[in-house]
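Visitor: I would like a close look at a single part of this complex, taken slowly and with the backbone details included. Please begin from the overall form and work inwards.

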Amino acid sequence: MGVFRAGGAPRGGRPEDPLVRVGRALRWVILVALALLFLVPFYLLVRNGLSAERDITSPSWTFFPSSVHWSNVRELFDDPAVPMARSLLNSALIAVATTVGTLLLASLAGYGLARIPYRFANQVFYAVIGTLMVPAAVTFVPSFVLVSSLGWVSSLRGLIVPTLFSGFACFVFRQFFTGFPRELEDAARVDGLGYWRTYWRIVVPNARPVFAAVGTIVFIGAWNSFLWPLVIGQDRDAWTVQVALSTFTTAQVVNLHELFVAAAVSIVPLVLVFLLLQRYIVAGVERSGIDD
Amino acid sequence: MRRRVSDNTLWFWVFVGPFAAGLALFTYVPLLWSVYLSFFDAHNTVSPTDFVGFGNYTAMLRDGAFTSSLGTFAVFSLFIVPATYALSLGLALMVHRVRRFQAFFRSVFFLPAACSYVVAALIWKMSLFSGVRFGLVNTVLGWFGVEQTAWLSTTHPPWYWLVIVTVRLWLQAGFYMVLFLAGLQRISPRLYEAAAVDGARPGWQVFRYITFPQLRATSVAVVLLLVINAFQAFDEFYNLLSDARGYPPYARPPLVYLYYTALGQGQNLGMGSAGAVILALIIAVVTVFQARWFGLGRKEAD
């Protein structure tokens with residue numbers, strides 16, 4: 001690798017091919033330029049969220065607001081027209097409940113499919129895989145039909161329960177447990193532990209990274225989900241933060257500074273989760289690739 | 001021995017049962033129900049009595065709005081699939097080779113994945129591509145003396161595509177970059193050494209004969225995911241284009257069309273169900289076709 005990377009010249013020895021050095025510099029310039037470009041939307045979010053309305057709509061562009069308006073945050077939460085606190089609470093409840101529920105249900109199922117011998121285990125597994133072929137977005141009409149006949153429209157139940165059964169999460173857990181070293185479980189069996197206690201005492205504590213990976217991905221997905229909450233959360237009290245934002249984005253009269261500060265507040269939890277747990281998210285994304 | 005087998009069966013269902021029951025209830029039952037509904041005239045009802053056979057299907061396929069939504073999807077994926085593929089692969093190749101600040105670059109490109117389509121659409125619509133003069137793109141173009149453009153409402157030329165495609169590109173490129181980075185890390189350094197011994201020139205030749213072929217499995221997965229996700233696009237279209245007056249007559253992808261048909265004023269659940277069934281079939285066919293085309297199942301044989 002070393003030989004090759006230096007373009008024929010041994011690394012650290014003779015001076016490098018000037019072409020290689022130009023290539024590396026060019027790569028740096030492109031990366032930095034793209035990185036700045038990728039950050040522009042975040043900059044706009046913060047800039048507009050902390051500006052006075054007239055700074056946002058000013059015909060001459062100011063890179064930073066003439067004065068930083070932290071009061072926008074208070075104005076947002078005080079505005080009776082925007083159910084911000086309630087919709088944030090709804091989103092938090094939904095995201096946490098969906099994450100916990102999905103991890104519990106899918107990991108148990110994944111373990112059962114991977115480890116407990118049963119004549120029809122393969123058929124059950126294919127039924128789970130089959131749902132990956134039918135994207136949830138295509139089933140929103142039939143699911144709405146079901147949920148409305150259960151009387152769950154505009155309720156947290158309706159927003160949470162139907163999303164708890166993730167074929168993707170079950171698939172990831174099943175693949176992980178299939179490759180889990182059997183020796184640990186065998187030792188537990190010798191000690192007289194059944195499947196249930198082996199699972200909780202031996203398997204779960206040794207599978208934390210997978211739980212973290214699937215959990216962060218499910219959490220982000222639940223917090224950002226839009227179509228299902230739009231369809232089910234029809235009453236104002238059942239709005240998630242995404243539905244609330246959308247309602248005001250598509251409204252007739254828009255208060256820009258308030259809208260942007262609301263959007264900025266809505267991504268704070270996610271940016272924190274993202275920056276703190278990024279390595280798990282990366283692991284989760286890699287696992288979700290079909291090519292493993 | 002007999003007891004052991006039934007013990008296992010019992011425990012299998014203790015572990016798998018709750019999940020399987022939920023999956024059946026919330027995925028398979030709605031699917032079958034919507035197949036059933038699609039054969040009935042079901043306005044505002046979920047237990048219809050008026051059997052219409054394939055009436056909903058023929059009406060759906062004859063409805064210009066439905067077929068044009070499929071056209072919208074085709075145009076959209078024609079833009080977004082190659083653009084995301086190229087950008088995420090390019091980012092991965094560069095980030096993989098960079099030695100300093102690698103983690104920083106990866107984070108910056110990946111960070112948009114934490115943003116919702118709602119928030120991204122809001123930034124694009126209200127600030128970046130805002131059609132008025134304080135929109136950032138119009139401001140920057142104004143410095144070069146270019147006239148302002150109403151990006152989202154200009155249909156000739158269809159500038160709205162630029163807005164729609166860049167939102168998704170920004171939001172998802174980092175996600176696919178991470179997939180490609182994982183693929184790049186799996187390529188054995190020995191292959192590169194062998195290529196160097198054989199006299200392959202670094203850069204294009206190595207990419208063409210080593211890196212790109214080695215990324216085949218990742219490429220197949222990425223394209224598959226890109227197409228399926230483009231097919232399901234709803235959030236950014238809805239938030240960019242709909243306003244107090246409703247949704248404009250152009251740029252309606254399948255799910256937006258379905259949303260307004262099934263859950264709009266008419267609540268035509270029969271038609272909506274027929275549409276959902278048609279879309280599910282299309283996705284299944286596209287997935288199987290792509291898998292065959294790229295030889296997804298061939299990996300075991302290699």
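Visitor: What radius of gyration does chain B have, and what would a compact globule of 302 residues have? From there, please take me through chain B closely, including the side that touches chain A and the places where the backbone is unusual.

Guide: This is a predicted model, and in it chain B has a radius of gyration of 24 Å, whereas a compact globule of 302 residues would have one near 19 Å. The C-alpha trace of chain B spans about 80 × 75 × 30 Å along its principal axes. Chain B contains 13 helices and zero strands, so that, by the way helices and strands are assigned, its pattern along the sequence reads α-α-α-α-α-α-α-α-α-α-α-α-α. Of its 302 residues, 41% count as buried, and among the contacts in chain B between residues at least 6 apart in sequence, 66% join residues at least 24 apart.

Before the details, a word on confidence. The mean pLDDT of chain B is 87, with 95% of its residues reaching 70 or more. Among the elements of chain B, helix α3 (residues 64–97) has the highest mean pLDDT, 94, and helix α13 (residues 269–294) the lowest, 82. Over residues 297–302 of chain B the pLDDT stays under 50, and for that stretch the model has two contacts beyond four places in sequence. For the complex, the predictor gives an ipTM of 0.88 and a pTM of 0.88.

Turning to the partner, 81 residues of chain B are in contact with 80 residues of chain A. Helix α1 (residues 2–37) of chain B supplies the largest share of the side of chain B that touches chain A, namely 19 residues. By class, the residues on that side of chain B divide into 59 nonpolar, 16 polar and six charged.

The largest nonpolar core has 154 residues, and the members that touch the most other members are A109(A), A263(A), F19(B), A120(B) and M177(B). Helix α7 (residues 160–186) of chain B gives the most to this core, with 14 residues. On the side of chain A, domain 1 (2–72) and domain 2 (78–288) both give residues to the core, and the core therefore lies between them. A120(B) can be followed further: leaving aside residues up to four places away in sequence, A120(B) touches P41(A) in the partner chain, together with C115(B), V167(B), W170(B), L171(B) and E236(B).

The two domains of chain A deserve a short detour, since the core has brought them into view. Their C-alpha centres lie 33 Å apart, and 11 residues of domain 1 of chain A are in contact with seven residues of domain 2 of chain A. The largest share of the side of domain 1 of chain A that touches domain 2 of chain A, four residues, comes from α2(A). That side of domain 1 of chain A has four nonpolar, six polar and one charged residues.

Returning to chain B, the backbone has several places worth inspecting one at a time. Most residues other than glycine have a negative phi, and most peptide bonds are trans. Against that background, a cis peptide bond joins H156(B) and P157(B), with omega at about -10°, and P157(B) lies in the loop between α6 (136–143) and α7 of chain B. F101(B), although not a glycine, has a positive phi of about 60°, and its place is in the loop between α3 and α4 (102–110) of chain B. F101(B) counts as partly exposed because it has 15 C-beta neighbours inside 10 Å.

A251(B) likewise has a positive phi, of about 50°, although it is not a glycine, and A251(B) lies in the loop between α11 (235–241) and α12 (254–263) of chain B. Here the setting is a buried one, because 22 other C-beta atoms lie within 10 Å of A251(B), where the cut-off for burial is 20 or more.

Finally, F212(B) lies in helix α9 (residues 204–214) of chain B. With 13 C-beta neighbours inside 10 Å, F212(B) counts as partly exposed. F212(B) and L184(B) are 28 residues apart in sequence, and their C-alpha atoms are 9.4 Å apart in space.

Definitions and conventions. Residues numbered from 1 in each chain as written. Chains lettered and ligands numbered in written order. Predicted model: local features only at pLDDT ≥ 70, side-chain atom pairs only at ≥ 80, totals over all residues. Helix = DSSP H or I, 4+ residues; strand = E, 2+ residues; numbered from the N terminus. Nonpolar A, V, L, I, M, F, W, Y, C, P; charged D, E, K, R; others polar. pLDDT = per-residue confidence, 0-100. Core = buried A, V, L, I, M, F, W, Y, C linked by C-beta atoms within 7 Å. Buried ≥ 20, exposed ≤ 12 C-beta atoms within 10 Å, placed from the backbone. Domains from an automatic or database assignment. Rg over C-alpha atoms; globule rule 2.2 N^0.38 Å.
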